[in-house]
Amino acid sequence: MNRAHLYGLAGALTAIGLALFLYKLFVFGFPLWPEARTDVWRVEVQIRFEADGGPVKAELFLPVRTEPFIVVDQGFVSPGYGVTTERERGAGMRAVYSIQDAKGPQTIYYRAVVQHGRESTVMERDPRPPASPPEFKDDAERVAVQSIVSASAKQAADPATLVALLVKRLREARPGDEAAFLLGRQPTQTRLVNTAVTLLRAAGVPAREVNGLVLAPERRHARFQHWIEYYAAGRWQSYIPSDPTVEARRYILSWWRGPGAFIRLTGGTVLEHTITTSRSFEHAIRSALNRQKELEKRLVEFSLFGLPLQAQSLFRTILVVPVGILLLVVLRNVVGVKTFGTFMPVLIALAFRQTGLLWGCLFFSVVVALGLAVRFYLERLKLLLVPRLACVVIVVILLLAMLTVLSFKLGFDRGLSIGLFPIVILTMTIERMTVVWEERGGGEALQQAAGSVAVGALCYLVMRVPVVEHLAFVFPELLLVVLAGTLLLGRYSGYRLTELYRFRVLAR
Amino acid sequence: MMSWRDTAARLRRNGVLGINWRNAEYTLPYNARDRYPLVDDKVLTKELAMRAGVAVPELYGVIEIQRQVRELPGILEKRRDFVVKPARGSQGDGIVVVTGRSRALYRCADGSLLDAHEMAFHVSNILSGIYSLGGQNDKAIIEYRVSFDPVFEAITYRGVPDVRIIVFLGVPVMAMVRLPTRLSGGKANLHQGAIGTGVDMATGTTLTAVWRTSIVSDHPDTGNPVSGVQIPRWDTLLELGARSWELTGLGYQGIDIVLDRDKGPMILELNARPGLAIQIANRAGLETRLAAVLRHRGELNTVAERVAFAKERFAAQPN
């Protein structure tokens, strides 16, 4: 009876999941495969601020409708606020959100859908801007600028090479030389761009600073980048100092020009702004939606696509977790791999998503080994369990900070991608490992650690398959099928693969 | 080389029990969750056993809270030798075996000496959970020191040899003797390197032994043969096993028995999830035996019936 119940439940879940899946696939026309290239991107800016109580005016820049992207749709979500747009000469478009009276935390949104513009076949020319030689603060600055410009201009064949040479010269500034003097004490990216623009203008090439985004497929916290636009061959061209490749230039979305700040707020204090970008299924989904009747449209609105982008990209990660868990159940109960805890390997897999596999494994082993060494030292002090684990966690956090600084200084950028989440997972792993070490000895602990990392790596590899991610997000009902499979595995009572080896002497 | 499918088929034919099968068919249906604390806490186990008249090492005293540590000298006063151990400890951690006194000092089994202050400190540590899993607060047990029966002396490297019996619905189904080795550090846990020898359920003589994953016939440290040793008072052991079902209500359990030179077999510990390596030591599958017990469930009511059933059905098969 019990079994019939289970099979019935699993069958029903599978049927419901598959029915919904097939309905959405064939009737709604949702795409089965992640599209290799969609040129539709969604960008969302969220600004949170604290209003003082009284009139509030928030001005923020909007993306410029220019190559290679064009804004095809935009929206301003701001309950109670009036929104107007105005053009600011030489900088770009501004949206002005205003309200008579507001107090306490406020959130305003700006959303845009941008698309790769069609490659224009006719080379239209931008009007040549008037040359605008820079103004200098003092003679020292003028001398320094002229010295660099004259040296570089001799080597440069055209404005494009001149830009590259000037940026290279600034990059390789040595303490005490002209370039270092111009960059000042804090040579940030912005400062470098500003100085390069000044140099270009001094060389007679019209130039300006641009602020914008380099669009990445999935970015929960995108940041504004700064780059140079210079006029050459009848057009404005872009040069991105941080990534001067042609490929990067295909994904830039310019936002505003000049050194101005992104947000100007009166009547409040800006707390934070977050920018989310994602390559979107908008195109395929929207064309699917256009064919729907009113009721079906509502259904889709109530699906994950109705969520704000930040939540969507979070769910893209969360929804693949069940797939990893199913794999974990198979590896534990059918294969018999020993791992820490129940879901630790899936958490490790999630950490790998942020760090990458190789780097993640390396970091994991180093930190866990050092953490264990500390634990063995603490063993001699005969501390009680909870304070001892707490000590291990504190030391692990210090170790992580040290390793991150070290790897950054050695030029491994990946070290910086250790976020809060992997740190928590690492410390939890060490805690589990020490407990197992205490309970069942070192051999067992090492075996379980190796098993956990191996299973974590496998889960990671499965969870990052684009098709898996796509299916889980667009058709979350398929997770019912995953649930059904997990239920059935709950009654698997055959031998584990490792037991075949363990009991081999009994297989006479 | 056999294919894995072939291996699985042979194992099934030999009635070898896998961990999934054990969990799904035996521990889950026959072991109620609310009975687990009875075996996890050695004080509860001991109280149960004493109430039922089952032989356990005599309990001299329990210290549950820090304030009671002051009563320790009173408890220890009359005793020359005793054992102090944590109620929820595992793997023999935190156990102090006192073999005698030398003026005001306690002499331990490993030759070290403790004064009253150090003994109180050790008990305080036990109470604060230093040896218990997960660091929960614990109790300290002071009990009778077992003087081991010399029967296993030739095949034990230090430590405490014990007899593990798997009991299903009150029927002792399989047994093994666990012999500490140098590798296991005097502990009787198979995965720490102790030897496990199978036992003929009919006669109580030891069979072949498993060490790590291989079959051995001699003790690796003493070189003496481990098979053919007669366990004294085997019937009493079987009876202890059979009665442990009524004691805890756990349908499927493992009981660990030590042999005292003077007082005979005593239950040391009970286990609600006994391991499966016992099958390798006995070179026999548990599933066949467990299924036989299930088939004859109705006829096995008294302890005597269950012991007789075990002796008749689970005698060693000559290989």
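Modeller: A nonpolar core is a set of buried Ala, Val, Leu, Ile, Met, Phe, Trp, Tyr and Cys residues joined through C-beta atoms within 7 Å. Buried means 20 or more other C-beta atoms (placed from the backbone) within 10 Å of a residue's own, exposed 12 or fewer, and partly exposed in between. The model is predicted: local features need pLDDT of at least 70, side-chain atom pairs count only at pLDDT 80 or more, and totals for chains, interfaces and linings use all residues. Residues are numbered from 1 along each chain as its sequence is written, and chains are lettered from A and ligands numbered from 1 in the order in which they are written.

Colleague: Which residues have the most contacts inside the largest nonpolar core?

Modeller: The largest nonpolar core has 69 residues. Those with the most contacts (C-beta atoms, placed from the backbone, within 7 Å) inside this core are B:Val167, B:Val173, B:Ile257 and B:Ile267.

Colleague: How many residues does the second, separate core have?

Modeller: Its members include A:Val114, A:Leu162, A:Leu199 and A:Ile240. The size of this second core is 52 residues.

Colleague: Beyond four places in sequence, which residues is B:Val173 in contact with?

Modeller: Among its partners are B:Ile166, B:Val167 and B:Phe168. The others are B:Leu286, B:Arg289, B:Leu290, B:Val293, B:Ala310 and B:Phe314.

Colleague: How many degrees of arc hold the buried residues of α4(B)?

Modeller: Helix α4 of chain B spans residues 42-52, and its buried residues are B:Lys42, B:Thr45, B:Lys46, B:Leu48 and B:Ala49; helices (H or I, at least four residues) and strands (E, at least two) are DSSP runs numbered from the N terminus. These residues line one face of the helix, because the directions from the axis to their C-beta atoms fall within an arc of 160°.

Colleague: Against which elements do those buried residues pack, and what phi does B:Gly53 take?

Modeller: The packing partners in chain B are α3 (36-40), β1 (59-63), β6 (140-143), α7 (234-248) and β13 (264-271). Just after α4(B), B:Gly53 has a positive phi of about 75°.

Colleague: Which strands stand at the edges of the six-stranded open sheet of chain B?

Modeller: The order is β1-β6-β2-β3-β4-β5, with antiparallel pairing (at least two DSSP bridges between two strands). Within it, β2 (residues 82-86) and β3 (residues 96-102) of chain B are joined by three bridges, and B:Val83 stands opposite B:Val97. A single partner strand leaves one side of each edge strand without a neighbour in the sheet, which identifies β1 and β5 (113-114).

Colleague: Is A:Gln448 buried or exposed?

Modeller: A:Gln448 lies in helix α15 (residues 442-463) of chain A. Beyond four places in sequence, A:Gln448 contacts A:Lys338, A:Thr339, A:Phe340 and A:Val436, and A:Val337, 111 residues away in sequence, is 8.0 Å away, C-alpha to C-alpha. Because A:Gln448 has 21 C-beta neighbours inside 10 Å, this residue counts as buried.

Colleague: Which element of chain A has the lowest mean pLDDT?

Modeller: Chain A has a mean pLDDT (the predictor's confidence in each residue, from 0 to 100) of 78, while chain B averages 86. In residues 118-123 of chain A, pLDDT stays under 50, and the model has zero contacts there beyond four places in sequence. Among the elements of chain A, the highest mean, 93, belongs to helix α17 (residues 478-489), and the lowest, 51, to helix α7 (residues 282-290).

Colleague: How many residues does chain A give to its contact with chain B, and what ipTM does the complex have?

Modeller: Chain B gives 27 residues and chain A gives 22 residues. On the side of chain B, α1 (4-13), α2 (19-30) and α8 (278-282) each supply two or more. The predictor gives the complex a pTM of 0.65 and an ipTM of 0.77.

Key
Contact = placed C-beta atoms within 7 Å.
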